[in-house]
Amino acid sequence: MGKGFSKSQEAKLHHKACLAFLDKVLHKILQGKDDAQVMLFLEANLDKLDHNFAKLLRSWGISKRTQGQLRQAENMARAINIFSNLIQELRFGSRANNLEIAIRGYKVAAPFLTRNVSPQTWAETQNNMGNAYCNRIYGEQPENLEQALCCYKAALQVYTKKKFPQYWAWTLNLLGTVYHDRLRDNQEKNLEKAICCYKAALQVDTENNFPQGWADINNNLGNAYCQRIQGNKKDNLERSIGCYESALQTYNQDPEKYTKECIITQNNLGKAYSNRIRGKIEKNIDLAIMSYQTALNICLIEVFPEEWATLQHDLGNTYRRRPNKKIENWELAIRCYLDALKVRTLSNFPKYHAVTQFNLGITYQDAQQFDNSYSAFAAAIETVESLRSEIIYGSRNGEDRQRLAEQWNKLYQHMVEVCLELGYYNQAIEYAERSKTRNLVELILTRDTNTIFPSEIVNQLKQLRKEISSGQYQLQNATADNPTALAQHLQQLRKQRNQLQDSYMPIGYGFNFEKFQETVDDRTAIIEWYITGTEILTFIITRQSPGIKVWPSTPADLQALIAWNDEYLQDLKQNRPHWQKQLPNRLKTLAEILHLDEILTLIPETCNQLILIPHRFLHLFPLHALPLADGTYLLDCDRCRAGLRYAPSCQLLQLTQKQKSSDFSRLFAIQDPEQNLLFANSVVETIRHYFPGNAQILVREEASKETLHNATNAEFLRLAHCLLFSGHGVFNYESPLQSCLKLANDTRLTLGEIFSMNLSQCSLVTLSACETGLADPTSISDEYISLPSGFLFAGTPRVVCSLWEVSSISTTLLIREFYKNLFDNFRNHQSLDFVLALNKAQKWLRELTNKQCEAIVRDEIEPQVQEIIKQLPGKRRRYQASLDAAFKGIRDRQPHPFASPYYWAAFTVTGS
């Protein structure tokens with residue numbers, strides 16, 4: 001632009017130039033200029049095809065329709081269609097912008113090239129728009145594929161098998177590919193639909209009539225069978241091998257014409273042989289190697305660099321799995337991975353770079369080249385953490401995202417193992433912590449961005465993601481004018497994005513063990529477990545020790561733990577009475593598997609407080625109730641004289657230690673929102689008296705989500721020092737952020753919403769409800785995504801929660817005694833010891849006699865219950881029956897009705 005123009009003037013001039021360009025290019029198309037001439041004109045005006053051109057095209061179309069100029073001008077609409085087709089094929093400029101312009105062009109022309117006016121053109125446009133959505137870089141990939149799905153289905157309304165058989169088959173092939181790649185709905189169903197589409201298309205595209213189409217569809221069908229969930233895995237792999245071999249029959253007839261197709265299909269065939277179940281593994285591996293080498297013979301790195309690198313990587317995987325001559329095969333695999341990394345660089349292919357470094361690290365680890373293994377894993381982890389949610393964004397569905405997350409968790413597990421082999425104990429726990437933090441951060445970033453960040457930050461993050469996606473596409477498709485400069489720019493954009501996210505999130509990837517150790521109290525010991533693929537690692541952390549003590553288990557211990565966990569959870573879900581009866585014996589076995597007595601000997605005698613940080617399914621068990629060799633419980637040992645508590649991770653523990661609140665005078669409580677918990681009312685009625693004149697209680701039908709969020713309650717909750725929930729909790733195993741506390745009127749407070757709350761003034765959250773401390777026992781990636789983690793993240797330093805469906809009367813007694821201890825200590829010592837208060841309440845409950853218990857229920861709880869029954873006459877009979885059952889249970893279990901861990905061990909303190 002000329003000197004002296006303001007930005008607004010420059011924008012107006014540019015807008016005018018773009019309109020003139022659009023008129024010229026449409027005029028050339030209407031004049032019948034061939035595509036090559038028009039394409040040259042587009043290439044000469046790349047500066048016009050910027051991120052604003054799609055908006056300009058939209059406004060241009062609206063203005064033309066308003067003026068009525070297009071209503072009779074089908075030719076103009078056809079010209080716009082041709083323009084969109086050419087833009088979609090344009091190899092220069094911004095691929096992301098080009099696709100946006102193409103999509104907008106199709107939409108501008110759509111009202112004038114309807115199915116009724118011009119059915120064939122309409123169907124062709126639907127197909128072309130579907131292709132654009134499939135390749136689209138901007139927007140959410142799941143939604144783009146849904147749009148493509150709609151376009152191809154629409155085209156099939158015109159392209160029928162009878163009237164347009166070849167177009168029908170072509171569109172079915174495209175539709176099958178979208179179903180194969182689809183990110184929404186059930187993957188199993190999508191794959192079956194893809195297979196149906198491919199099979200139908202082969203009815204027209206036969207080997208004799210349309211050999212290339214026949215080969216392409218067979219290759220796609222082979223991919224679908226490889227991933228098929230329905231049917232027998234062995235048979236599906238055989239079908240996929242047959243499909244690939246059929247495709248190669250055609251491609252190999254003219255290898256110069258179908259070079260790329262040959263390479264890709266040979267690679268697919270190699271993978272199928274590598275995973276084959278039928279036949280001997282040695283022979284299948286050799287067939288896979290032969291297939292990869294055949295492809296490499298025609299795949300030149302200068303011509304097909306990405307395909308060449310993929311072949312080298314997959315060949316390396318196959319050598320690594322080869323059962324004989326281990327040392328020789330490790331060397332061959334390492335050579336293949338290093339070759340693949342020549343193309344799969346951090347700048348050009350960051351995701352593939354991480355995958356290849358990961359597999360290279362495993363091979364070095366198998367060969368006991370631990371220094372090299374450490375370097376490879378470090379490079380992979382650096383890449384994964386720089387990409388953050390990019391690494392799993394756009395994966396097929398929730399299950400696939402979890403699978404990918406767990407794959408990267410294995411990367412951290414291998415790194416921890418290598419660190420221990422090298423004696424890097426501090427780094428071992430740092431990587432263990434980073435793996436946990438990564439899961440929480442990525443879950444939030446991929447599912448709950450709008451509740452964590454302000455709207456303007458969300459928009460900035462979206463724009464950064466667009467720029468990163470567009471730039472990465474250019475690098476991977478060799479269309480960047482200056483790849484080196486673009487790669488550096490992308491690194492800066494990722495750094496900017498990560499810093500922006502970190503500034504609004506209190507946890508991140510930068511965990512430093514030495515700094516954390518400085519925050520540990522002199523009399524506190526931390527036991528953190530970490531389960532790898534081969535062993536149970538136990539880290540013992542104290543301030544006195546210069547580093548970390550590590551207790552490694554045997555592989556047999558890990559197998560015993562897995563078997564113990566399976567039996568425990570199966571009975572918990574399917575045979576609760578048997579689970580309850582076996583709980584004491586099972587906890588004894590767990591203590592032996594974890595070698596708890598030996599671990600305690602590694603803790604200095606000067607320590608009198610213990611913090612437990614479980615890993616994976618260990619979060620689900622009452623570790624404080626594990627019996628020791630002397631017959632006492634862990635909770636009772638000398639190392640726990642000042643209390644025992646839990647933390648999800650060192651980093652969340654460090655976060656809670658920064659949250660100080662000396663005041664404890666404001667209570668916000670939710671009381672029996674579903675009106676089906678008799679003793680829940682007694683809990684709240686007792687505790688409210690500790691907060692005279694400064695308690696906000698939402699009782700029964702008042703405790704809805706709408707009421708919770710009204711201005712008065714929201715402000716009281718924000719300033720509350722104590723949050724008490726007495727109702728029902730639910731953990732959602734399929735979608736952890738949908739775990740919730742159930743409120744009145746069938747409403748819920750979800751974990752995703754809890755993450756966005758501000759509880760910085762709150763010293764204690766008590767969840768007097770069932771299963772509020774649960775996490776997913778089957779996942780190794782979301783293992784501490786739970787309600788307690790949500791409340792800790794929201795700002796409270798500690799949460800009291802439960803591990804199973806608890807007895808209502810024992811819960812009432814325990815929570816009442818917990819608060820009594822809390823305030824007795826506060827009155828006597830002017831301090832609040834939340835951990836010790838709960839520990840003392842648990843000891844008190846298990847030692848309570850029948851007579852003592854009956855007296856408390858009769859004199860203190862029953863009068864409160866009778867008052868509640870008066871308020872709810874319709875529930876009189878049900879509530880009276882609950883009270884009678886409680887008395888009967890107390891009398892039947894003599895002499896200590898709540899001595900079993902089932903009654904007292906479910907509740908834990910998580911946090912500081």
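Is glutamate 867 buried, partly exposed or exposed? Hold that thought for a moment, everyone, while I set the scene.

What we have on screen is a predicted model, and today I'd like to talk about salt bridges. A search through the whole structure turns up 27 of them. I'll walk you through three.

Back to my opening question. Glutamate 867 has a relative accessibility of 43%, so it counts as partly exposed. Its side chain meets that of lysine 870 in a salt bridge, at 3.4 Å from N to O. Both residues sit in helix α35, which spans residues 850-871, and because they are 3 residues apart there, about one helical turn separates them. Lysine 870 has 57% relative accessibility, so this partner counts as exposed.

Next, please look at aspartate 235, which forms a salt bridge with arginine 278; their closest N and O atoms are 3.2 Å apart. This pair links distant parts of the chain, with the two positions 43 residues apart. Aspartate 235 belongs to helix α11, residues 233-251, while arginine 278 lies in the loop between α12 (259-275) and α13 (281-298). Aspartate 235 is partly exposed at 30% relative accessible area, and arginine 278 is partly exposed too, at 38%.

My last pair is lysine 48 and aspartate 47, a salt bridge whose closest N and O atoms are 3.5 Å apart. How buried or exposed is lysine 48? Its relative accessibility is 13%, and because the cut-off for buried is under 20%, lysine 48 counts as buried. Aspartate 47, on the other hand, is partly exposed, with 49% relative accessible area.

That's my tour, and thanks for listening!

Conventions:
Residues are numbered from 1 along each chain as its sequence is written. This is a predicted model: local features need pLDDT of at least 70, side-chain atom pairs count only at pLDDT 80 or more; totals for chains, interfaces and linings use all residues. Side-chain values use heavy atoms; hydrogens and water are left out. A salt bridge is a side-chain nitrogen of Lys or Arg within 4 Å of a carboxyl oxygen of Asp or Glu. Buried means under 20% relative accessible area, exposed over 50%, partly exposed in between (1.4 Å probe, protein chains only). Helices (H or I, at least four residues) and strands (E, at least two) are DSSP runs, numbered from the N terminus.
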